[in-house]
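Visitor: Could you take me through how a hydrophobic core and a strand pairing are read from a model?

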Amino acid sequence: MEHCCPFPHNLIPKLYVQAGHDARNALLSGGSAKPMSVIPQSRIRNRLLSVVGAETYARIAPHLTPVELSVRELLVEPQAEILEVHFLEAGLASMVATSRDGKEEIEVGHIGPEGMTGFCLLHGVGQTPHRTFMQAAGASMRISAHALLVLVAEDEALRQLLLRYIHCYEVQLSHSALANGRYNINERLARWLLMSQDRLETDDLPLTHEFLALMLGVRRSGVTNEIHVLEGARLIKARRGRIHILDRMGLEAIAAGCYGIPEEEYRRLIQAPAERMGLLNSPG
């Protein structure tokens, strides 16, 4: 019986043509078009790949390629066909929205080892007006878009997991809108620093004033002033191109209501179920 799911089967034939009939047959049989070394799931740091079941991981692993990602590297180009997806292992990626005339832009979301790029593919959308680039260097497990689409169409558990992640990202996006509309710059800066620390898993954040201005949608001089306020409260220590977190609890107190709900939703839907099942790998 044919499996029915709301995924972009209309995109798959086009991608099969690009990959060739040999790759198509290999994907459908659960194999790989080219022999590749398989990385054990126990070595995976990406949360989504860590929590999939063993059978699902065995199917997806042959299609994963470890790659290093440099600062400013473009992962998703605006209005261009998405041909590959990155499951981040380390580092920090930023999704940025840009005005039609290109004069205004603001970061609308973070992606770190908890997530993936190019997830609009799972809604049957092959391109996006947003760009996604690496703000802090790192690494990922890369998979071709066509391989992921085939795997998701065949694996209900994988489909549900990735849809839950997309929901969590949408919650993050909605709270960014809430923060931008109802909270002051100091509160928003505290929120973004906490979100960056969550994903980079270190107190020493490689964040420039330029990037912080992009995150907050304000002038660089405004960011500098707010950093001085947080430094004066002994919550952070700023150096050239870096922010060192001194007091996380203090930042949480300042961020108040604009931080925490998206993180709680991720824990509820992805992290907590995996911990109960003993699936989640500890970082390190």
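Guide: In soluble globular proteins, nonpolar side chains tend to be buried together. Here the largest nonpolar core (buried Ala, Val, Leu, Ile, Met, Phe, Trp, Tyr and Cys residues joined through side-chain atoms within 4.5 Å, where buried means under 20% relative accessible area with a 1.4 Å probe and protein chains only) has 48 residues, of which Phe87, Met116 and Leu148 touch the most other members. Its largest share, seven residues, comes from helix α6 (residues 156-182), helices being DSSP runs of H or I of at least four residues and strands runs of E of at least two, numbered from the N terminus. Apart from this core lies another of 32 residues, including Val96 and Met215.

Visitor: What should I keep in mind about the source?

Guide: This is a predicted model, in which local features need pLDDT of at least 70 and side-chain atom pairs count only at pLDDT 80 or more, while totals for chains, interfaces and linings use all residues. Residues are numbered from 1 along each chain as its sequence is written, and side-chain values use heavy atoms, with hydrogens and water left out.

Visitor: Which strands pair with β3?

Guide: Two strands pair if DSSP finds at least two bridges between them. β3 pairs with β5 (residues 131-144) in the antiparallel sense over eleven bridges, with leucine 88 opposite serine 140, and six bridges join β3 to the antiparallel β4 (residues 105-111), where serine 94 stands opposite histidine 110.

Visitor: Is β3 mostly covered or open?

Guide: β3 is mostly covered, since twelve of its 15 residues are buried.

Notes
Buried < 20%, exposed > 50% of the residue type's maximum accessible area, 1.4 Å probe, protein only.
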